[in-house]
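Subject: Structure for you to look at

Dear colleague,

I am passing on the structure we spoke about, with the sequence alongside. Please open it before reading further, since my notes are easier to follow with the residues in view.

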Amino acid sequence: MLSLCFGCQPQAPLYPDTAVFRYNEHANITSLDPAFAKDQRNIWACHQLYNTLVQLDENLEIQPDLAKSWSISEDATTYTFKLKPQVYFHENEVFKNRADRQVQAQDVVYSLKRLTDKQVASPGSWVMNQVKSIEAINNNQVQIKLHQAFPGFLGLLSMKFCSIIPQEMEQLDFRVNPIGTGPFYFKRWEPNEKLVFRKNTNYHEFDENGERLPYLEAVAITFLPDKQAEFLQFAQGKLDFLSGLDPAYKDELLNSQGQLNTRYQEKISLQKAPYLNTEYIGLYVDDPQQATHYRSFRQALNYAIDKPNMMRYLRNNIGVPAQGGFIPRGLPAHTSSGFYTYQPEKARALIQKFKQEHPNIPVQLKISTSASYLDLVEYLQGQLTQVGIQTEVEVMPPSTLRQLRSVGKLAAFRASWIADYPDAQNYLSLFYKANWSPHGPNYTHYASATFDSLYQKAMTAPQAPARESLYRQMDALLMQAAPVIPLYYDEVVRFTQKNVHGLGINAINLLDLKRVQKQALE
């Protein structure tokens, strides 16, 4: 049984264990203000409290949320949303004890405009970069105009940054009074100990049988900082859920094939699904004194790495070796093969050709990484050395890595790109010349007039199939030029107790608890 009380004296639990979902955040949640929902720990908590105009289903398709419908102008620059009727904010004294404070168009305008308020200083302000204006047509209609067509805009609106809050929040502190419309409402937060949400009995969504969601009575989040301690709590049944693969417990739970070890198969359920995350090595191409400036050298790097063995030995086969393009699995424009496989002889031949064509350029590479990925980069070092590339590994703090990468001071760097929204444009924007760092995310300084032309064409393509064809063409150009070494397409990995049902899994690793149910253990 899990008590939701925080007094010093033992008390009877408010609810049976089957009514409470328990998970741990080893890094503290920093805010329950959705304007600061920039990383997973904050996003997961905010997702329980708030709704957005639209939401993503498990297939990453756009579905209604607070908006019941919407229309898009012929030039794809004007979006008009009609709100669902009778959607209520969580009860709060700021509403003068009224339980019927409905969501109105003015709340949507306030919430989205707030992201660009310099006083708020939201890290999600970039979401509104494409927006020209937001206005309430009446109490239940909102119109958003863009500067130009942007195919991923609805996906942007599904992000937790775009959660809808009441205008009255201007008077309140989010730490003690976060008010949304979500399936759970805020109950209590004990810093470094526990955060508790309770069931919103007035939630607007229902299941297929007409039963109001959510099923759970409460969510309890603890803050054990040590991942080994977190695993022990889970193994003892004191946590319902464990996310991701950590060296502290990966070999304990999984065999080399990525399956549960025998002793856990009757106690724990394992879920895996594609994750919109490409892990890669970025190569700076803008310095003619570096070997990474030359395509034959970059191609040799891609042929030199045995990615299937890398996944088997370092990742317990969680994730898929990246033998296709940069766009990850889980997106329609993904290409699974046809580019670089492990061909060490071909890599050696390309290196010999490079030496002949550029005798004054050293055949060497320094790969910069943070300590968390040292084992991975040391594996790459061994592979590259075998084909005649002198390789050095440089370990630095993540903040230093980001800073030096941004100003072009790293010849090669380990990185990952997790989708902000489910559209391949999000990945290809890393190679658009207008996004060259330090003013954008093109850290490799890759440039191609053909690529840029296709990118601009895709931005105005109204139909998804047309965009996906353009995306694949761009991905192919990118891989031929090889400014990156895609290493693997990541997977979402979730471990749950056997009595947990309805959790689901998705390619953006969003924790959705509104359909979760727990059965009593036998």
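Below are my notes on what was found, beginning with the aromatic residues and ending with the open and enclosed spaces.

Please keep in mind throughout that this is a predicted model.

Aromatic residues

Searching the whole structure gives 20 aromatic pairs. In one of these, the rings of Trp-44 and Phe-241 have centres 5.7 Å apart and planes at 55 degrees, so the pair counts as tilted. This pair joins distant parts of the chain, with Trp-44 in helix α1 (residues 40-49) and Phe-241 in strand β11 (residues 241-243), which puts the two 197 residues apart. Both Trp-44 and Phe-241 are buried. Phe-89 and Phe-95 make another tilted pair, because their ring centres are 6.2 Å apart and their planes stand at 35 degrees. Phe-89 is buried, its relative accessible area being 3%, and Phe-95 is buried as well, with a value of 4%.

Beyond these pairs, there is one aromatic cluster formed by Tyr-280, Phe-326, Tyr-427, Phe-431, Tyr-446 and Phe-451. Two rings also have a basic residue over the face: Arg-405 lies over Tyr-443, at 4.2 Å from the ring centre, and Lys-433 lies over Trp-436, at 5.2 Å from the ring centre.

Two buried polar residues in loops

Trp-436 appears again in the surroundings of His-445, since the residues that His-445 touches, leaving aside those up to four places away in sequence, are Tyr-284, Val-285, Asp-286, Trp-436 and Ser-437. His-445 itself sits in the loop between α11 (425-428) and α12 (449-459). Its relative accessibility is 11%, and because buried means under 20%, His-445 counts as buried. With Asp-286 there is also a polar contact, made side chain to side chain at 3.2 Å from His-445.

Asn-177 can be described along the same lines. This residue lies in the loop between α3 (153-157) and β8 (184-190). At 19% relative accessibility, Asn-177 is counted as buried, because the cut-off is under 20%. The side chain of Asn-177 makes a polar contact of 2.8 Å with the side chain of Asn-92. Again setting aside residues up to four places away in sequence, Asn-177 touches Asn-92, Met-169 and Leu-172.

Pocket and cavity

The second largest pocket has a volume of about 770 Å³. It is lined by 35 residues, of which Pro-151, Gly-152, Asp-423, Ala-464 and Arg-467 are the closest to its centre. The elements that contribute two or more residues to this lining are β4 (67-72), α3 and α13 (464-481). Of these, α13 gives the most to the lining of the second largest pocket, with four residues.

As for enclosed space, the structure holds one cavity of 30 Å³ or more. The largest cavity contains about 50 Å³ of space. Its lining is made up of His-47, Tyr-50, Asn-51, Gln-55, Asp-65, Lys-160, Pro-183, Tyr-203, Asp-512 and Lys-514.

With best wishes

Notes:
Residues are numbered from 1 along each chain as its sequence is written. This is a predicted model: local features need pLDDT of at least 70, side-chain atom pairs count only at pLDDT 80 or more; totals for chains, interfaces and linings use all residues. Side-chain values use heavy atoms; hydrogens and water are left out. Buried means under 20% relative accessible area, exposed over 50%, partly exposed in between (1.4 Å probe, protein chains only). A polar contact is a pair of N or O atoms within 3.5 Å; within protein, one must be able to donate a hydrogen and the other to accept it, and residues adjacent in sequence count only if both atoms are side-chain atoms. Contact means heavy atoms within 4.5 Å. Rings of Phe, Tyr and Trp (its six-membered ring) pair if their centres lie within 6.5 Å; planes under 30 degrees apart count as stacked, over 60 as edge-to-face and the rest as tilted. A charge sits over a ring if NZ of Lys or CZ of Arg is within 6 Å of the ring centre and within 35 degrees of the ring normal. On a 1 Å grid over the protein atoms alone, a cavity is a set of points where a 1.4 Å probe fits but cannot get out, and a pocket is an open set with protein on both sides within 12 Å along at least five of seven lines; lining residues have an atom within 4 Å of a point. Grid points are joined across faces, edges and corners, and a volume is the space filled by probe spheres set on the points.
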